[in-house]
Amino acid sequence: MTTVLQHVVRRSILRPFAKSFSSGSPLVDVQVNDKTGVAIVKMGRAPVNGLNTELLGALNDTFDSLEKNKATGMILSSSIPNIYSAGLDISEMYNGTPENLTKFWNTLQSMWINLYSTPLPTVALINGNAPAGGCLLAMSCEYRVMVGSKFVIGLNETQLGLFAPKWFQDTMVSIIGPRQTELALTSGKLFSAQEALKIGLIDELVASEEEALASSDKFFGLFKRIPGYARGQTKNFVRAEVLDWLLKNREHDTKVFLNSIQLPHVQKGLGLYLQSLKKK
Ligand SMILES: CC/C=C\CC/C=C/CC(=O)SCCNC(=O)CCNC(=O)[C@H](O)C(C)(C)COP(=O)(O)OP(=O)(O)OC[C@H]1O[C@@H](n2cnc3c(N)ncnc32)[C@H](O)[C@@H]1OP(=O)(O)O
């Protein structure tokens, strides 16, 4: 089992930065700014950036490579208009075999561990709707900028007859606190951009992608004179409790997912929800 401390030490050892970079997947586009070393990672799985095993794996590989190649920061965004991510791909969870469900969930866990614990400064540039797993991605970054006021963000799992796993919940608690998280999660609330700003679920609401990039630059600028090692250690210690739970309980968490998702009434609800989306 990997402890948080081993995790922190392993991930603080960075090699020189490579200028050219390819994510190795058509689902993830990566552009690295040669001058600053900041990478813009854009998810591009049409139609809605549904997080299936392939996209989750590609994101995970991308985060690994950016760290190994010593990028100086990462902006996580989307190349699909009006969509950040529709969250977990429901078709992966509907009628899946135990083997596929296990692989799917383990890939999600690995991606999240990598994203949540990366020593790189991270910004979510939220340029579209971000329900459920989409919200988790954004919340796992350090700073959240939403572009345009027409989008929603939140953990709406209960609306699907599911519940947000403990580490999804804890990630939200660390941002908006237990009281607001309980209210939001039990009702499956999707926050409007204004509401999300007011409650602190997003840090900034801007009108254009250019403004969002300027805000990101400003955020990265905060660390110009801070040694990366010191920043990385601090981030990991602040995040240790939430991270540590999943590192220590991965198998248990997978079992809870498998048991819950395969319940007949949960499967029935997922089927109906998928149908309702397709009927729109
Ligand atoms: C341990 C506890 C157990 C389990 C925990 C499980 C945790 C789950 C977390 C999740 O992430 S669950 C996913 C929750 N996501 C949602 O509720 C979002 C659903 N989607 C939408 O609300 C909308 O699609 C949108 C606002 C994101 C975009 O709207 P719009 O641009 O109007 O697109 P459409 O609705 O027409 O969708 C286009 C297309 O995509 C399909 N689709 C949408 N979302 C998903 C999804 N999450 N998974 C799979 N497929 C999705 C939709 O059915 C349409 O399909 P067509 O075949 O009609 O093209």
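Reader: Let's start with K70: how many other C-beta atoms lie within 10 Å of it, and which burial class does that give?

Author: The general idea is a neighbour count, with C-beta atoms placed from the backbone: 20 or more other C-beta atoms within 10 Å of a residue's own means buried, 12 or fewer means exposed, and in between means partly exposed. K70 has 14 such neighbours, so K70 is partly exposed. Bear in mind that this is a predicted model, in which local features need pLDDT of at least 70 and side-chain atom pairs count only at pLDDT 80 or more, while totals for chains, interfaces and linings use all residues. Residue numbers start from 1 along each chain, as its sequence is written.

Reader: What is the phi of K70, and where does K70 lie?

Author: Phi is about 60° there, a positive value even though K70 is not a glycine. K70 lies in the loop between α2 and β3 (73–78). As for those labels, helices (H or I, at least four residues) and strands (E, at least two) are DSSP runs, numbered from the N terminus.

Reader: What about N95: which loop holds it, and is it buried or exposed?

Author: N95 is in the loop between α3 and α4. With 12 other C-beta atoms within 10 Å, N95 is exposed. Its phi is positive too, near 60°, and N95 is a residue other than glycine.

Reader: Which peptide bond is cis, and where is the proline?

Author: Look at the bond from A46 to P47: omega is near 5°, and the bond is cis. P47 itself is in the loop between β2 (38–43) and α2 (53–68).

Reader: On to helices. How far apart are the end C-alpha atoms of α4, and what span should I expect?

Author: The expected span is 1.5 Å times one less than the number of residues. Helix α4 (residues 98–117) has 20 residues and should span 28 Å; its end C-alpha atoms are 28 Å apart, so the two agree. Try α11 as well: its 16 residues should span 22 Å, and the ends are 23 Å apart, which agrees.

Reader: Which residues of α4 are buried, and how many of α11 are?

Author: The buried residues of α4 include F104, W105, L108, M111, W112 and Y116. T107, Q109 and S117 are also among them. In α11, the number buried is 0 out of 16 residues, so α11 lies largely in the open.

Reader: How do I describe two helices that pack together?

Author: Two packed helices are described by the angle between their axes and the distance between the axes. Each axis is a line fitted to C-alpha atoms, for helices over the stretch in contact, and angles run from 0 to 180 degrees between N-to-C directions. Under 35 degrees is roughly parallel, over 145 roughly antiparallel, 65 to 115 roughly perpendicular, and the rest oblique. Take α2 and α4: they pack at about 30°, with axes 9 Å apart. These two helices are therefore roughly parallel.

Reader: And what is the handedness of the α2 and α4 crossing?

Author: Left-handed means that the near helix is turned anticlockwise from the far one by less than a right angle; clockwise is right-handed. The α2 and α4 crossing is left-handed.

Reader: Which angles do α5, α6 and α7 make?

Author: Helix α5 (residues 133–140) and α6 cross at roughly 50°, their axes coming within 10 Å. That makes α5 oblique to α6. Their crossing is left-handed. Helix α6 (residues 166–176) and helix α7 (residues 178–187) cross at roughly 130°, with axes that come within 7 Å. So α6 and α7 are oblique to each other, and α6 passes α7 in a right-handed crossing.

Reader: What surrounds the ligand?

Author: A residue counts as near the ligand if its C-beta atom, placed from the backbone, lies within 6 Å. Here 27 residues surround the ligand, and the closest are G87, L88, A132, G133 and L277. α3 (90–93), β6 (128–131), α10 (228–261) and α11 (264–279) each supply at least two residues of this shell, and α10 gives the most, with 4.

Reader: Where does A240 lie, and how far is its C-alpha atom from that of S117?

Author: A240 lies in helix α10. Its C-alpha atom is 8.4 Å from that of S117, although the two are 123 residues apart along the chain. With 17 C-beta neighbours inside 10 Å, A240 counts as partly exposed.
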